[in-house]
Amino acid sequence: MTKQEADRIVERFYRNDNPNENDEFVFIEACNFLIETENDSDAMVNLGGYYYAREKYALAEKYYLMAFEAGDKWVADGLGYIYYYGRVGARDYQKAFYYFSRAKENGNMEAAMKIADMYHNGFGVEKDDEKYKAILLEIFNKIKDTNNLGEPYPEVAHRLADIYINEGHGEDAIEMLIKGKSFIEQRIRYNPFWGNFIVCRRLITLLYKVIEFDEDDFNFFDLFYVLAKPHTVKLTYHGKQYLIESFFDEGEMRVKCDGKLYKSIENFLINVLFDNKHTYVIEYEDYYLLDLIK
């Protein structure tokens with residue numbers, strides 16, 4: 001194998017939407033060749049990411065550490081997440097803080113947000129809510145005018161909004177919550193990752209603390225607010241009507257729709273299908289009507 005052949009294998013692997021076992025084997029071989037012959041930090045990062053995605057965290061840690069020691073500036077946040085969530089044993093907040101700090105120095109805003117959270121929660125550092133707010137404001141001022149769905153505007157917005165509301169300045173939170181809600185709803189269309197639904201719920205819950213909920217004009221994502229209490233909502237879609245009901249069961253809020261039971265509001269919004277379409281697809285592509293019955 002030559003360097004050019006190995007590079008082509010790696011490039012081809014990332015263009016392949018459905019790699020088989022042999023594709024993965026050849027990809028791993030190519031990356032290891034580049035590491036052994038070229039000390040290629042990109043190949044180290046590629047292997048680390050490959051193993052992280054497959055929850056083989058010890059191997060992810062191995063290659064991320066190799067890349068970090070080889071001088072890669074961008075891999076530190078991956079190590080931070082490994083130690084923050086205890087992917088290779090017990091959580092190690094000191095290590096997580098170290099690597100998130102290195103990533104923050106390189107302009108990684110997600111890592112900066114994790115540093116802020118660590119100050120807020122006292123994880124690995126002394127609890128300091130002034131630093132928490134200061135870091136959030138630093139990030140927010142960099143991205144407040146962004147339209148890039150990949151940037152952490154919604155994540156920062158719900159944290160700052162919560163601070164403003166608790167300080168008694170909820171009016172300062174309204175604009176960022178409205179933009180954050182629109183932002184995360186658009187992101188979910190392209191990336192229906194469960195974590196995005198959690199962020200969406202937090203934004204909507206805060207938004208309706210500071211503005212009045214309009215029972216005559218709400219969308220699917222507003223069901224995070226509506227279904228947080230026992231309610232019945234009628235959905236009309238393609239001429240068919242569905243009843244969506246939320247109710248308490250053993251201390252948890254459940255949702256029932258079209259004869260199916262969902263263990264949580266998130267589980268309902270992520271998994272429910274209407275005419276074989278997810279709610280977040282319907283939200284952008286089809287006409288529907290939601291009516292709050294009771």
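In which sense do strand β1 (residues 232–237) and strand β2 (residues 240–249) pair, and over how many bridges? The two strands run antiparallel and are joined by six bridges; strands are DSSP runs of E with at least two residues, helices are DSSP runs of H or I with at least four, and both are numbered from the N terminus. Two strands are said to pair if DSSP finds at least two bridges between them. The model is a predicted one, in which local features need pLDDT of at least 70 and side-chain atom pairs count only at pLDDT 80 or more, while totals for chains, interfaces and linings use all residues. Residues are numbered from 1 along each chain as its sequence is written, and side-chain values use heavy atoms, with hydrogens and water left out.

A closer look at the strands follows. Across the β1 and β2 pairing, threonine 232 stands opposite glutamate 245 in β2. The hairpin of these strands has two residues between them, and histidine 238 there takes a positive phi near 55 degrees. Strand β2 is also joined by six bridges to strand β3 (residues 252–257), again in the antiparallel sense. Here phenylalanine 247 has arginine 254 in β3 as its bridge partner. β2 and β3 likewise form a hairpin with two residues between them, where glutamate 250 in the turn has a positive phi of about 55 degrees.

Most residues other than glycine have a negative phi. Positive values also occur in loops of this model. Asparagine 39, in the loop between α2 (21–38) and α3 (41–53), has a positive phi of about 50 degrees. Its relative accessible area is 51%, so asparagine 39 is exposed; exposed means over 50%, buried under 20%, and partly exposed in between, with a 1.4 Å probe and protein chains only. Glutamate 55, in the loop between α3 and α4 (57–69), has a positive phi of about 60 degrees and is exposed at 59% relative accessibility.

The interior can be introduced through one residue of strand β2. Isoleucine 244 touches residues including Leu223, Leu227, Val255, Cys257 and Phe268, leaving aside residues up to four places away in sequence; a contact means heavy atoms within 4.5 Å. In the largest nonpolar core, which has 95 residues, Ile244 is among those that touch the most other members, together with Leu223, Leu227, Leu235, Phe268 and Phe274. Such a core is a set of buried Ala, Val, Leu, Ile, Met, Phe, Trp, Tyr and Cys residues joined through side-chain atoms within 4.5 Å.

Aromatic rings add to the picture. The count comes to 33 aromatic pairs, where rings of Phe, Tyr and Trp (its six-membered ring) pair if their centres lie within 6.5 Å, and planes under 30 degrees apart count as stacked, over 60 as edge-to-face and the rest as tilted. One stacked pair is phenylalanine 220 with phenylalanine 274, at 6.1 Å centre to centre and 25 degrees between the planes. Because phenylalanine 220 lies in the loop between α11 (194–210) and α12 (223–226) and phenylalanine 274 in strand β5 (residues 273–274), this pair ties together parts 54 residues apart in sequence. Both phenylalanines are buried. Elsewhere, Phe13, Tyr14, Phe27, Tyr50, Tyr51 and Tyr63 form one aromatic cluster.

Finally, the structure holds zero disulfides. The sulfur of cysteine 200 is 18 Å from the closest cysteine sulfur, in cysteine 257, and is therefore too far for a bond; a disulfide is a pair of cysteine sulfur atoms within 2.5 Å. Cysteine 200 is buried at 1% relative accessibility, and cysteine 257 is buried at 2%.
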